[in-house]
Amino acid sequence: MLTYAVKRIGLAVVILFTVMLAMYAMVFLVPGDPASLALGPRATPALKAELIARMGLDQPVHVQAWNFFANALQGNLGYDVWSKKPVLGQILEVFPNTLILGAAALGWALVLGVALGCLAVVWRGTLVDTMLGILSVSMIAIPSFVIALYSLLIFAVWLNWLPALGAGMPGDWGSQIRATILPAFAIGITWVGYLARLVRASMLEVMGANHIRTARAFGLGEVRIIIRYALRLAIIPTVAILAVGFGAILSSAVFVETVFSRPGIGTLITSAVAKRNYPVVMGTTLFMTAFYLFVVTAADLVIARLDPRVRDVFRG
Amino acid sequence: MSSAVDAPFCPLRLPRLGPMGIVGAVLVATFLLMALFAPWLAPHDPLKLDVMNKLQGPTLSHWAGTDQLGRDTLSRLIWGARTALAIALTSTGLAGVIGLILGLVAGYGPRWLDGVLVLVLDSLSSLPMIMFALAVITVLGPGTATLILVIVLISIPGYARLIRAQTLTMKAADFIQAERTMGAGSVRILLRHLLPNVVGPLVIVLSMDVPAVIMLEAGLSYLNLGVKPPTPSWGNILYDGYTSLRQQPVLVVAAGVPLVLSTIGFTFLGEGLRDALDPRLKVRPR
């Protein structure tokens with residue numbers, strides 16, 4: 001287990017360094033220097049010189065690269081081109097919003113998805129199973145930002161039940177919860193589909209196991225067997241996919257946050273991309289990559305702890 | 001993963017699609033025809049402005065209404081099919097070919113090259129894909145070419161890893177060993193024997209990825225970071241609809257319909273193909 005953990009964490013660190021290197025190289029590949037691109041064609045030479053000095057672009061490449069790495073490792077991700085605020089501060093300010101949104105989306109999707117998956121197993125082979133199958137594939141196929149737009153139109157504009165913009169008032173829990181409902185609904189719906197299918201498939205596999213047969217032999221009811229004995233095993237692949245799915249959740253969060261003008265990582269980075277605000281884009285990408293690697297590595301370690309077979313085959 | 005051994009993929013034999021696959025195939029065929037014949041199908045010029053008749057609801061001459069500049073929404077949506085499919089098919093095709101080559105090289109080539117390729121591919125796929133896409137767009141500037149490049153770069157690792165895994169298992173198969181003993185060269189083994197056997201699962205995964213690519217194109221165009229206006233794209237039409245949501249909701253509703261129908265169509269078709277050809281193939285969320 002220790003060897004596996006060291007190898008797995010080592011790989012994550014190597015990947016993070018490769019990513020940092022690639023990001024840094026990318027800025028150099030741009031035709032023209034980042035300062036004039038960020039400032040646009042109407043920038044005065046004085047303004048440009050000031051920004052070049054501030055971003056350290058006048059120093060030799062190896063000094064710049066060293067500074068970039070040294071700063072990033074100390075948690076300094078650079079400064080916003082326009083507001084001059086530190087990038088990390090801006091990220092940490094909105095990151096909880098995105099995290100809450102993702103958790104809320106996954107939360108309701110997990111409850112409904114697992115329930116639908118169990119129902120499909122209870123009624124396997126019947127019309128209900130077929131209909132649930134079609135329903136879950138359709139849920140996977142519909143883009144989350146279209147759901148966001150449609151639900152915004154129906155529940156915020158026409159029915160006026162829920163707010164159309166923002167993340168609620170700071171300190172006011174009620175308004176924050178109300179502002180999270182629609183975005184979380186839009187992001188979660190894809191996951192209801194995924195989870196329902198996944199739970200159904202892994203549960204059907206488990207249903208053939210010996211302990212299920214024993215439970216049947218004891219005369220336990222089908223529902224009780226599924227909930228108490230099959231679900232425990234069938235839930236393991238679900239945990240594995242949730243970690244990998246973080247990337248997909250983030251993806252839909254970027255679009256859905258923009259639709260609802262909800263402060264978060266998505267709105268932060270998309271507005272920075274439009275203004276070519278390099279430090280914010282690079283800093284946010286680096287931060288989210290590090291976080292993603294952390295989540296995936298942690299999940300791999302948890303799974304390896306639960307299932308010894310995983311340890312033996314390291315990235316085959 | 002050895003399924004390709006027991007059932008070699010034959011592109012000429014029509015797979016038996018289930019009812020879901022047939023619905024998907026019909027939808028996909030409809031959108032392909034729409035994209036191909038857009039100039040003849042569209043009732044109006046998709047770029048013609050008519051500010052007097054802006055933001056109309058459905059009328060006899062404008063079946064899906066008009067946008068904030070008075071352009072005919074139906075015509076823009078039909079041309080949008082061309083944009084969406086052209087981008088999705090070009091980029092997945094390109095990514096598929098590059099992934100195929102990289103996967104074959106990694107699986108069959110020298111060990112050190114395999115190690116390097118795996119590290120690069122793993123790093124690339126460890127980036128949250130949307131972050132990577134946005135970073136590339138910041139550097140290169142938005143536009144159709146950037147969009148295709150981004151999709152290709154995002155998709156390559158998955159395809160290359162699939163092909164690499166297939167190649168590794170296939171390399172040990174008896175018929176490859178037999179070829180080698182008979183003195184066949186690496187190139188012959190790669191092209192004549194490995195390639196036809198590993199390409200099947202790739203085709204299925206490619207077809208299952210098309211809807212994700214259509215969604216990404218529409219999403220980035222919605223953010224004004226993909227296809228540039230005035231070129232019609234379902235994404236930027238949705239954005240126009242969003243900005244005039246309160247005056248004319250027809251625009252946003254109409255723009256979502258082809259996007260949803262096409263992603264459902266491609267997903268159903270991909271599922272049908274997968275079930276018919278290789279039911280054990282696992283597909284990850286993206």
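**Two helices of chain A, and where chain B meets chain A**

Let me begin with two helices of chain A, H8(A) and H11(A), which are roughly antiparallel to each other, and I should say at once that what we are looking at is a predicted model. The reasoning is short: the axes of H8(A), residues 173-206, and H11(A), residues 236-259, cross at roughly 155 degrees, and because angles over 145 degrees count as roughly antiparallel, that is how we describe this pair. The two axes come within 10 Å, and the crossing in which H8(A) passes H11(A) is right-handed. If you would like to find the contact on the screen, look on H8(A) for residues including A:Pro183, A:Ile187, A:Leu195 and A:Val199, and on H11(A) for residues including A:Pro237, A:Ile241, A:Ile249 and A:Val256. Sorted by class, this contact has 11 nonpolar, 4 polar and 1 charged residues.

Now to the place where the chains meet, with 41 residues of chain B in contact with 45 residues of chain A. Which elements of chain B give two or more residues to that side? They are the helices H5, H6, H9, H10 and H11 of chain B, and the largest share, 10 residues, comes from H11(B), while by class the side of chain B that touches chain A divides into 28 nonpolar, 8 polar and 5 charged residues.

Finally, please look at H8 of chain B, residues 174-181, which is hardly covered, since the count of buried residues among its 8 residues is 0. Just after H8(B) you will come to B:Gly183, which takes a positive phi of about 95 degrees.

Terms used. Residues numbered from 1 in each chain as written. Chains lettered and ligands numbered in written order. Predicted model: local features only at pLDDT ≥ 70, side-chain atom pairs only at ≥ 80, totals over all residues. Contact = placed C-beta atoms within 7 Å. Helix = DSSP H or I, 4+ residues; strand = E, 2+ residues; numbered from the N terminus. Nonpolar A, V, L, I, M, F, W, Y, C, P; charged D, E, K, R; others polar. Axes fitted to C-alpha atoms, helices over the stretch in contact; angles between N-to-C directions. Parallel < 35°, antiparallel > 145°, perpendicular 65-115°, else oblique. Left-handed = near helix turned anticlockwise from the far one by under 90°. Buried ≥ 20, exposed ≤ 12 C-beta atoms within 10 Å, placed from the backbone.
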